[in-house]
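Student: I have a structure to go through and would like to talk it over. Can you pull it up?

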Amino acid sequence: MRQLPEWFGIEEAIVKYENEVISTDFYVYYLSDKPVGFISVKPINKYTSEIYVMGILTEYQNRGIGKKLLETVEESLIKNNIKFFMVKTLGDSHPDKNYKSTREFYYKTGFYPLEEINEIWGEENPCLIMVKNL
C-alpha cells in the first residue's frame, strides 16, 4: 500500500488495513515471483461480501490484473452462494483523478453505484457504495 500513495496516503489508514486484513480472504497476483497486485475480501452477511482493500502497483495497472483478481474472487464467492459483491470507494463528488479511474475500473467490471454518503468517511471524503450482482 505504501507503494501506492495516490490511493493510500494516510499512514494510520495503512496500519489499520494491515491489522485488519488478516481476518479477510486475501489474494495476491504474482508476475515472475513478484507480487504486483492484491485484493482483500470480507463477508458482510450470508449473501454479501465486500472488497475490503485492493491495489495494483502503478506500473502494472491497465494490464488486466485487477480484472483477473476480481474474477478469481467472484468464482469463489459464487461457489459459496454469495449473491452480492460490494465495494466502498471515494465518491463521484470528490475531484480526485486517481479515484475517478478507480470508479471507472469498477464500472467496467460490472459494479453499479448504489449510494454516495458522507456518514462513513466524512464530508471531505464522500463514500460511494457500489454493488455487483453475482
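Tutor: What follows goes through the salt bridges, two helices, one strand residue, a surface patch and two backbone angles. Keep in mind that this is a predicted model.

Student: OK, salt bridges. How many does the structure hold?

Tutor: There are three salt bridges.

Student: What does Glu50 pair with?

Tutor: Its partner is Lys88, with 3.1 Å from N to O. Glu50 belongs to strand β3 (residues 48-56) and Lys88 to strand β4 (residues 84-90), so this salt bridge ties together parts that are 38 residues apart in sequence.

Student: Is Glu50 buried or exposed?

Tutor: Glu50 counts as buried because its relative accessibility is 4%; the cut-off for buried is under 20%. Lys88 has a relative accessible area of 30%, so Lys88 is partly exposed.

Student: And which residue does Glu74 bridge to?

Tutor: Glu74 forms a salt bridge with Lys132, and their closest N and O atoms are 2.9 Å apart. Glu74 sits in helix α2 (residues 65-79) and Lys132 in strand β6 (residues 127-133), so the pair connects parts that are 58 residues apart in sequence. Both Glu74 and Lys132 are buried.

Student: What about Arg103, what is on the other side of that one?

Tutor: Asp92, with the closest N and O atoms 2.6 Å apart. Arg103 is in helix α3 (residues 97-108) and Asp92 is in the loop between β4 and α3, so the parts joined here are 11 residues apart in sequence. Arg103 is buried, at a relative accessible area of 4%. Asp92 is partly exposed, at 42%.

Student: Stay with α3. Which of its residues are buried?

Tutor: In α3 the buried residues are Asn98, Tyr99, Thr102, Arg103 and Tyr106. They cover an arc of only 140° around the axis, which means that they are on the same side of α3.

Student: Why would residues at that sort of spacing point the same way?

Tutor: An α-helix has 3.6 residues a turn, so residues three or four places apart point the same way.

Student: What do the buried residues of α3 pack against?

Tutor: They pack against β3, β4 and β6. On the face of α3 turned away from that buried side are the exposed residues Lys97 and Lys108.

Student: What span should α3 have?

Tutor: At 1.5 Å a residue, its 12 residues should span 16 Å. The end C-alpha atoms of α3 are 17 Å apart, which agrees.

Student: You said α3 packs on β4. What is Thr89 in contact with?

Tutor: Thr89 lies in strand β4 and is buried, with a relative accessible area of 3%. Leaving aside neighbours within four places in sequence, its contacts include Tyr99, Thr102 and Arg103. Tyr99, Thr102 and Arg103 are also among the buried residues of α3. Thr89 is in contact with Trp121, Pro126, Cys127, Leu128 and Met130 as well.

Student: Back to α2. Which residues are buried there?

Tutor: Ile65, Gly66, Leu69, Leu70, Val73, Glu74 and Leu77. Seen down the axis of α2, these fall within an arc of 165°, so they line one face of the helix. The face turned away from the buried side carries the exposed residues Glu75 and Lys79.

Student: What covers the buried residues of α2?

Tutor: The cover includes β1, β2 (34-43), β3, β4, α3 and β6.

Student: And how far does α2 reach?

Tutor: From its first C-alpha to its last, α2 reaches 22 Å, close to the 21 Å expected for its 15 residues at 1.5 Å a residue.

Student: What happens just after α2?

Tutor: Asn81 takes a positive phi of about 60° there. The place of Asn81 is the loop between α2 and β4.

Student: What is phi for Asp33?

Tutor: Phi of Asp33 is positive, about 70°, although Asp33 is not a glycine. Asp33 is in the loop between β1 and β2 and counts as exposed, at 75% relative accessibility.

Student: Last topic, the surface. Which residues form a nonpolar patch?

Tutor: Phe26, Val28 and Tyr30 do, with about 290 Å² of accessible area together. Tyr30 is in strand β1 (residues 25-31), and at 49% relative accessibility Tyr30 counts as partly exposed.

Methods:
Residues are numbered from 1 along each chain as its sequence is written. This is a predicted model: local features need pLDDT of at least 70, side-chain atom pairs count only at pLDDT 80 or more; totals for chains, interfaces and linings use all residues. Side-chain values use heavy atoms; hydrogens and water are left out. Patches are made of residues with over 30% relative accessible area and no salt bridge: like charges are joined within 9 Å, nonpolar side chains (Val, Leu, Ile, Met, Phe, Trp, Tyr) within 5 Å. Accessible areas come from the Shrake-Rupley method with a 1.4 Å probe; for residues, only the protein chains shown count as cover. A salt bridge is a side-chain nitrogen of Lys or Arg within 4 Å of a carboxyl oxygen of Asp or Glu. Helices (H or I, at least four residues) and strands (E, at least two) are DSSP runs, numbered from the N terminus. Buried means under 20% relative accessible area, exposed over 50%, partly exposed in between (1.4 Å probe, protein chains only). The expected span of a helix is 1.5 Å times one less than its number of residues. The arc is that of the directions from the helix axis to the C-beta atoms. Contact means heavy atoms within 4.5 Å.
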